[in-house]
Amino acid sequence: MADDKDVLRDVWFGRIPACFTLNQDEVTEREAEPYYLLLPRVSYLTLVTDKVKKHFHKAMRAEDAEEMWFEYEGTPLKWHNPIGVLFDLHASNTVLPWSITVHFKNFPERELLHCPSNSVIEAHFMSGIKEADALKHKSQVVNDMQKKDHKQLWMGLQNDKFDQFWAINRKLMEYPTDEGGFRYIPFRIYQTTSDRPFIQKLFRPTSPEGTAHTLGDLLREMYPVALPTDGEPKRYQVVIQGIEPLPETPLQWLSEHLSHPDNFLHICVTPVPSD
Amino acid sequence: MPVSLLWAVDVYGRVYSLSTAGQVWEQCRDAQMEFKRVTAAQQCCWGIACDNNIYLNIHASDLPVRYQEETYENQRWNPVDGFSERLLPSDRWQWSDVTGLQHQPLDNFRLPSISWEWEGDWHADENFEGEPTEKGGWTYSMDFPATYTKDKKWNSCVRRRRWLRYRRYKAMDTWAKIPPQQTMLPDPFSDISCGGWEISDEPSGRLSLWAVSLQGKMWFREGINHHNPEGSLWEEVPLPAEVVQISCGPGDLIWAVLWEGQFIVREGISRDCPKGTSWAVVDSPSPDVAATHVAVGMNVVWALTKDNKVWFRRGVNSHNPCGSGWINMVGEMIMLNVGLNDQVLAISCEDRAVYFRQGVTSSELSGKTWRAISVPRDGDRSHSSASASSLQSAGCYFCGEVRAQSVVSDVESDTDKGSLDGASHLVASISPISPESFVDAPTDHSEEPIDTPKARIPKVTSDSFISELVSDREPGKTTREDGLSGPAVLEEEPIPGEEEVEAPTVVDSADTCSLSSVATYTLAIEDQYGADEHPLWAWVSGGGCSVDSHSQLNWFNSLVQSVQSMSLSVTPAQTAAWRKQIFEQLSERTKREMDNFRHYEQAIEQSVWVKKGTMQWWRDWKPHKWIDVHFALEQFSGPEGNKDGILFIYYNFYEEKKYLHAFINEVTILVPVLNDSKHSFAIYTPERTKQRWPIRLAAATELEMHDWLALLSDSCCNSRGIQGPPSKQAAWSVTCKGDIFVCEPSPSLEAMPYPTPCDQMFWRQVGGHLRVVECNSVGIVWGIGYDHTAWVHTGGYGGGFSQGLASSTDNLYTQVDVKSVYIYENQRWNPVSGYTNRGLPTDRYMWSDASGLHECTKTNMKPPSPQWTWVSEWAIDYSISGGTDREGWQYAADFPGAFVSIVCFLLHRKSKLTSTGPWQEIPPISLIDVTILPCAAQSSVDVVPLWAISNKGDVLCRLGVTTLTPAGFSWLHVGTDQPFKSISVGAASQVWAIAKDGSAFYRGSVSPQSPAGPGAKMYCWYHIPSPGKQKLKQVSVGRTSVYTVDENGNLWYRHGVTPSYPQGSSWEHISNNVRKVSAGPLDQVWIIADKVQGSQSLSCGTVCHRLGVQPVEPKGQSWDYGIGGGWDHITVRGNSMEPPRLPSLTAPAPPSPLPVRNMEVNGNAVGC
């Protein structure tokens, strides 16, 4: 029987094949070939696309290249969301590899955050971890950690070191056995049909009576339309890490196993494709 | 934590128990009658039934309660008859006790009560001081009070032999009446409390049982111990005033409530005087309100006052049993009980539900909140048609209780309190006041036989009359009549005669009120309680209930909810549909998103990963000391994709920067060496093992050490490609610190003539803490903790420090082990002050360890390592060899030597370690040794014979052990004439064992079909004389070979063992300085050796492998040294892998000195 730890590995080593093509409007000196890459689902676009940047810079003059940004079918891709979330939300029904357009001009200031260096990603990632721990343990675990532990989390993500990352991250996943779970489950629900960036509220892993809350319970409270109603065809897919867990899956288990490295459970709700 | 029971009595007198693993109150069907009160210990429960007798319910155990009766047959020689029973007039009796003073013929022995039965007939004991005797067990001497020998000599004029017979307690799991004592019948018991099992080291079974009678007298039951569970007699305890209720804790706390509303506290309780010596008085918590109830634990006292307020006593401990002050707690209760671990249970006065005090820990004894235990009772449905009469009687309880508590300073009303449990309800039916009850009852209520007593208010004067009536009643009949008389009493409610005697008028009216209201609103009550939703509890006892603040209890939710929440817990989740779905979808995701794109470039390149830190290193050169070093582990992917690494230790040598390195794939073991000054660990490589000088490193904190250990061990396992649970062939070993290691044997480990040197074996740690571990080749592994708890390996791995990644997620459990720490107190006599603790400078330290060389004081003595915490106070140990006086002192002329003018005093204290590991407890019997049939890997044995020795020395055989159910299901007791201490079963099911007296026994006719041998009778043991007057201590049997170790560290091989003569012929000396031996299914021999020479020191506790063992040379030739020192135990009984056959083997290779270092030809395992 497969072990729950295999889930952690599968989640960490999830990869999305992507094909980066340069936007046609970019000024180039010579034709730029598309660039193919396996993107880690749990990482961030700007963290893993140094090679892409180098590849296209070769075809351009330095003064033409401003800050690089990405777009998929007209939607600018927010680098501060994990790659897997961007894919599940915008492109889950696409033909692979995922075709991403690379831009070096006309940065969409209103839609994207600037990302001048990796330290910005690090700050963003760490703030995610701290926010999640505030929800899970009133920040006690993350505050008890040393600076080097924080660094190890980040380095683990940056260098794709599962062991290095989880050696520290497991502490963030602990909880007192008599409480049955974290204080609150750190989650974010994304949707394409609304302008709200995401839904995030306080939600406990267990009910006051001590029963475990499930994914279904969460959606019922946060986003009821996402749940299928009896006798009607399913209208929405609820995707976490590229899969659709059953509504009866315990939320605490999901939080421990399917969270991204920032310790949030990122849930994408997308309409079922009409075809 | 093993499953244990919480006991309770409801207001109808029905006894229920609730398992710590259960979710339903189970009615004790066996109870033939109603009970008033129960008091539980872990192994039994005592109760007062409505017939006023005391009943005892001993929980069935695989280990019988047996008692050995013995008597001696004495004979004298005369020229005419030879030896005959004709003795001289001055001689002893022909049948006598061992001293000869008591006349003891065989037929004088009677069973103490009907709860006992004889196990067999009398037989002569043929074992004399560890050696077999001939001729019917006779021992000879010149004259009677003298030394006996087993050999008849020319001057042997007298002889004697010992006859034995066992009796067995048979009344397990039923309520057995304790035979009443004539002297006290007129005054029936009203309260009972047991405890005191912690005050001595005696095996579980010793109890203090206290009882209070209706007239306020107090009684102590003498002589309760593990082979006399019923005790022998009641002894009255003098009191300053009359008592209503008593509570006895597991330790030395005993409190009682006086009729006047104060408390009395027993003082002077000790091991030698469990009854205590005197009483101290403690006032009621509030000056105006009398105390009504008290409950004590190990270190706590809880009490109730008449207004139902709950009080907690501050500052109570065994030095100050009276405590220092009261704290008022929330809640209104009518009854309280303190269970094990000072956990508190109560019955609320509002809803009569049982409440559990949550959050009681040793640091916060008062706990946090009350939480109602809300589980259904079995048979709720069957009783849901509960009759009006029983409900009325329930109502009566309420009134009774209310009244009892509202009465101030009235002696008789307290009688009432005692009796409201139904003690004297019979008055109602029998006493002349209510003759109608007889008339009414049969017609109306004959169909409700199970109803109970209701409170009636007897006059003290009538009690003797009642008791007489009651005492000879059949239990069954009692029940019936209770039911009959129930409603009648209510109908003839106020009893003028009694009330007049009893209480002031104010109280009277209250009484009448409450009582009549019950009568009036019978229907309403029925509605309210009709479905039995509302528990009406009268009494609860947690003395047998082993819970603490960490226990996971399913008592607090309704059934449905808890079943749901169960699905979250480990086991059911493994099979849940949602989980399966996730696994399936993840693998689909991999297929969809990755399988066709493997050739794509990875976004993040893999690189060398370095982890650095600072540590301290125990430097290699003299003078040895800890120096600060930088430590780095470089990890990289090896050529075949496996991970590998190098670790570096950078240090300064005379201002020069130097470093030391070790390849991760050469590291053979990482050993945590916690002590209280350093969080250190040792790293061994084959070279370092040879030198007995590991790399010792210390981290700044325990956490840091664990992080490094987890990382390093993960790295070592990766480089060797080892993952997952240990294989069935694995060798297991345990260090003297209780750490458990496992090694995957290579096929060439037992190869001839060039086996893998055993210093190259790689050991990885498995979580948990054990003293002994034993395995066999089908993967069944058992362990025994320091506290003798038995554990079975769950098939998991990791645990301990390697939480998280290198552990399996399921199959890991919390493991608790308890160990006693001993120190000596030495005092020198001086003429001025007698014995004091002011010693001379040349003496040993005032507090020292056994050698006297290290200073240990009560205050500076720490638990064995920081992982251990104290769980008890220092206490005197009386079990020291050589005997002690009553206070535990030993005397000697001078240190060291025979103790005369210096006294020495052994103290012990228990400490506890909590860890996690792939081990599951097998309650309840404590073990000292275990052995499993070392079957060959291919064998199709379904049931695997597993033998064990309990900590009392009983031989046990585990039934139902298979690879699927390695824990088995129950124990079968195998009779022996004396306690045993070591046992081993060989591949052919041959069983060898060592008795406590150091002699060996072989058990014949053991077949795999009937593992315990025919009939499990004691005569199946063949006594084998020990080698050369040595006392044996351990035995291990391989495929055919039998090895034993004696108390002087000699290893013996049994010569001449053949299929037709399995006992063998003689012992052959193999080696000295041996601590333990393990013979495996290939007849391979491994030992733990002492005094092995290393480069810098001698080491004790080294794993050694016997080389050159082969069918023609079963004793082998020499030793190969492996990991150590500091090892305590090894088992190789899993390794049944036949070594690869080498062509050189066909030609009998001359036993030339083998090219392995550190080997010695023959003889001693010593290096010096």
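Start by selecting A:K51: at 17% relative accessibility, this lysine counts as buried. Keep in mind throughout that you are looking at a predicted model.

**Stop 1: the partner of A:K51**

Now add B:E601 to the selection. The two side chains form a salt bridge, with the closest N and O atoms 2.9 Å apart. B:E601 sits in the loop between α12 and β33 of chain B, while A:K51 belongs to helix α2 (residues 50-57) of chain A, so this pair joins two chains. Unlike its buried partner, B:E601 counts as partly exposed, at 32% relative accessibility. As a reminder, side chains of opposite charge can pair when their charged atoms come close.

**Stop 2: the whole interface**

Zoom out and colour by chain. The contact draws 58 residues from chain A and 40 residues from chain B. About 4,600 Å² is buried between chain B and chain A, and carbon and sulfur atoms give 57% of that area. Four salt bridges cross this interface. To see another of these cross-chain pairs, select B:D707 and A:K171, whose side chains meet at 3.5 Å, N to O. Polar contacts cross here as well: eleven residue pairs, with both residues at pLDDT 80 or more.

Which elements of chain B each supply at least two residues of the side that touches chain A? Highlight α10 (559-566), α12 (577-593), β33 (609-618) and α14 (702-719). Of the elements on that side, α12(B) gives the most, with eleven residues. Colour the same side by residue class and you get 14 nonpolar, 16 polar and ten charged residues.

**Stop 3: more charged pairs**

Over all chains, a search of the whole structure finds 36 salt bridges. For one inside chain A, pick A:R170 and A:E174, which meet at 4.0 Å, N to O. Is A:R170 buried or exposed? With a relative accessibility of 15%, A:R170 counts as buried, whereas A:E174 is partly exposed at 42%.

For one inside chain B, select B:D595 and B:R598; their closest N and O atoms are 3.0 Å apart. B:D595 is partly exposed, with a relative accessible area of 36%. Then show A:R41, A:D88, B:R592 and B:E593 together: salt bridges that share partners join these four residues into one network.

**Stop 4: a covered strand in chain A**

Hide chain B for a moment and select strand β8 (residues 265-271) of chain A. This strand is mostly covered, with six of its seven residues buried. Next, bring in strand β6 (residues 187-191) of chain A, which pairs with β8(A) in the parallel sense over five bridges. To find one place where β6(A) and β8(A) line up, label A:I189 and its bridge partner A:I267. Strand β7 (residues 236-239) of chain A also pairs with β8(A), this time in the antiparallel sense over four bridges. Label A:V238 and A:V269 too, since A:V238 stands opposite A:V269 in β8(A).

**Stop 5: a buried arginine in chain B**

Bring chain B back and go to strand β4 (residues 35-40), where you will find B:R37. The residue is buried, with a relative accessible area of 5%. What lies 3.5 Å from a polar atom of the side chain of B:R37? Select B:S190 and look at its backbone oxygen.

**Last view: all of chain B**

Switch to cartoon for the overview: chain B holds 14 helices and 73 strands. Buried residues make up 57% of its 1168 residues. If you draw a contact map for chain B, keeping contacts with a separation of 6 or more, 60% of them link residues 24 or more positions apart.

Note on methods
Residues are numbered from 1 along each chain as its sequence is written. Chains are lettered from A and ligands numbered from 1 in the order in which they are written. This is a predicted model: local features need pLDDT of at least 70, side-chain atom pairs count only at pLDDT 80 or more; totals for chains, interfaces and linings use all residues. Side-chain values use heavy atoms; hydrogens and water are left out. Contact means heavy atoms within 4.5 Å. Buried area is the accessible area (1.4 Å probe) that two parts lose on being put together, summed over both. A polar contact is a pair of N or O atoms within 3.5 Å; within protein, one must be able to donate a hydrogen and the other to accept it, and residues adjacent in sequence count only if both atoms are side-chain atoms. Ala, Val, Leu, Ile, Met, Phe, Trp, Tyr, Cys and Pro count as nonpolar, Asp, Glu, Lys and Arg as charged, and the others, Gly among them, as polar. Buried means under 20% relative accessible area, exposed over 50%, partly exposed in between (1.4 Å probe, protein chains only). Two strands pair if DSSP finds at least two bridges between them.
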